[in-house]
Amino acid sequence: MITSLPDNYSPQRQIPIKPDITFVHVRLAHFIAMGAGIGLIRYMPGTAGTIVAFPFYRFLDSIIEPVSLLLIIDVFFIMGIWACAVTGRALNSPDHSGMVWDEIVAFMLVLFFTPDHWTWQLAAFFLFRFFDIVKPAPIGYLDARLKGGLGVMLDDLLAAFYTLLCLAGWKSMILFESYF
């Protein structure tokens with residue numbers, strides 16, 4: 001039988017959609033998940049999302065008390081689960097590279113616990129990007145197995161945890177050696 005369908009056709013397999021600025025502004029979930037359009041950057045959108053976390057965190061830190069800021073980051077995380085799930089379904093890609101809210105929120109958490117000095121924050125930035133890209137165990141395992149909004153948000157939360165663990169180790173070694 002001759003058909004116009006390819007041999008590897010599956011009704012469940014859908015082609016991912018390429019988002020544009022209109023897609024970002026159609027729904028609130030898309031706007032949040034795509035980082036207000038930052039995710040549309042063609043090269044390294046995750047790194048761009050991480051960079052956006054700096055001024056966003058600084059702004060919130062200047063107007064909100066620390067405990068309230070930590071609660072807001074928690075709310076952002078929960079909001080990200082919803083927004084990334086909705087946007088992933090709309091894009092036919094559960095973890096589309098343009099969804100950068102996960103990087104923004106996770107790195108805001110890193111900045112909350114990182115000393116307020118450029119060397120610490122620069123080290124945090126590079127460590128976070130390293131762990132987010134390389135995805136050492138169990139990050140890679142969860143990223144492959146856990147789909148949807150929770151999977152998108154959780155792998156970056158684990159990268160943030162690894163980053164903070166490395167920074168804490170570095171800080172304890174420096175303070176132990178009395179370098180300050």
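Tutor: pLDDT is the predictor's confidence in each residue, on a scale from 0 to 100. The term is needed here since this is a predicted model. Among the elements of the protein chain, helix 5 has the highest mean pLDDT, 95, and helix 7, residues 139-145, has the lowest, 82.

Student: What is the average pLDDT of the protein chain?

Tutor: The average is 86, and 88% of the residues score at least 70.

Student: What makes up the secondary structure of the protein chain?

Tutor: Eight helices and zero strands. Read from the N terminus, the order of elements is α-α-α-α-α-α-α-α.

Student: Why is Ala 124 counted as buried?

Tutor: A residue is buried when its relative accessible area is under 20%. Ala 124 has 0% relative accessibility, so Ala 124 counts as buried. Ala 124 belongs to helix 6. Beyond its neighbours within four places in sequence, Ala 124 touches Phe 107, Val 110, Thr 114, Thr 163 and Leu 167. Leu 167 is 43 residues away along the chain, yet the C-alpha atoms of the two are separated by 7.1 Å.

Student: And why does His 30 count as buried?

Tutor: The cut-off is again under 20%. The value for His 30 is 4%, so His 30 counts as buried. His 30 lies in helix 2. Its contacts, leaving aside neighbours within four places in sequence, are Phe 23, Val 24, Val 86, Thr 87 and Ala 90. Over the whole protein chain of 180 residues, 41% are buried.

Student: Why is helix 5 called largely enclosed by the rest of the structure?

Tutor: Helix 5 has 13 residues and 11 of them are buried, so the description fits. Among the buried ones are Trp 101, Asp 102, Glu 103, Phe 107 and Leu 111.

Student: How do you know that the span of helix 5 agrees with its number of residues?

Tutor: The expected span is 1.5 Å times one less than the number of residues. For the 13 residues of helix 5 that gives 18 Å, and the end C-alpha atoms are 19 Å apart, so the two agree. Helix 3, with 19 residues, reaches 28 Å, close to the expected 27 Å.

Student: What makes a nonpolar core, and how many residues has the largest one?

Tutor: Such a core joins buried residues of kinds such as Ala, Val, Phe and Trp through side-chain atoms within 4.5 Å. The largest one has 44 residues, and those with the most contacts inside it are Trp 101, Val 105, Phe 107, Met 108, Val 110 and Phe 128. Helices 1, 2, 3, 4, 5, 6 and 8 each supply at least two residues of this core. Phe 107, leaving aside neighbours within four places in sequence, is in contact with residues including Thr 50, Phe 54, Gln 121 and Phe 128.

Student: What covers the buried residues of helix 3?

Tutor: The cover includes helix 4, helix 5 and helix 6. Buried residues of helix 3 include Pro 45, Gly 49, Ala 53, Tyr 57 and Leu 60.

Student: At what angle do helix 3 and helix 6 pack?

Tutor: The angle is about 145 degrees, with the axes 11 Å apart. Their crossing is right-handed. Gly 46, Thr 47, Thr 50, Ile 51, Phe 54 and Arg 58 of helix 3 meet Gln 121, Phe 125, Phe 128 and Arg 129 of helix 6.

Conventions: Residues are numbered from 1 along each chain as its sequence is written. This is a predicted model: local features need pLDDT of at least 70, side-chain atom pairs count only at pLDDT 80 or more; totals for chains, interfaces and linings use all residues. Side-chain values use heavy atoms; hydrogens and water are left out. Buried means under 20% relative accessible area, exposed over 50%, partly exposed in between (1.4 Å probe, protein chains only). Helices (H or I, at least four residues) and strands (E, at least two) are DSSP runs, numbered from the N terminus. Contact means heavy atoms within 4.5 Å. Axes are lines fitted to C-alpha atoms, for helices over the stretch in contact, and angles run from 0 to 180 degrees between N-to-C directions. A crossing is left-handed if the near helix is turned anticlockwise from the far one by less than a right angle, and right-handed if clockwise.
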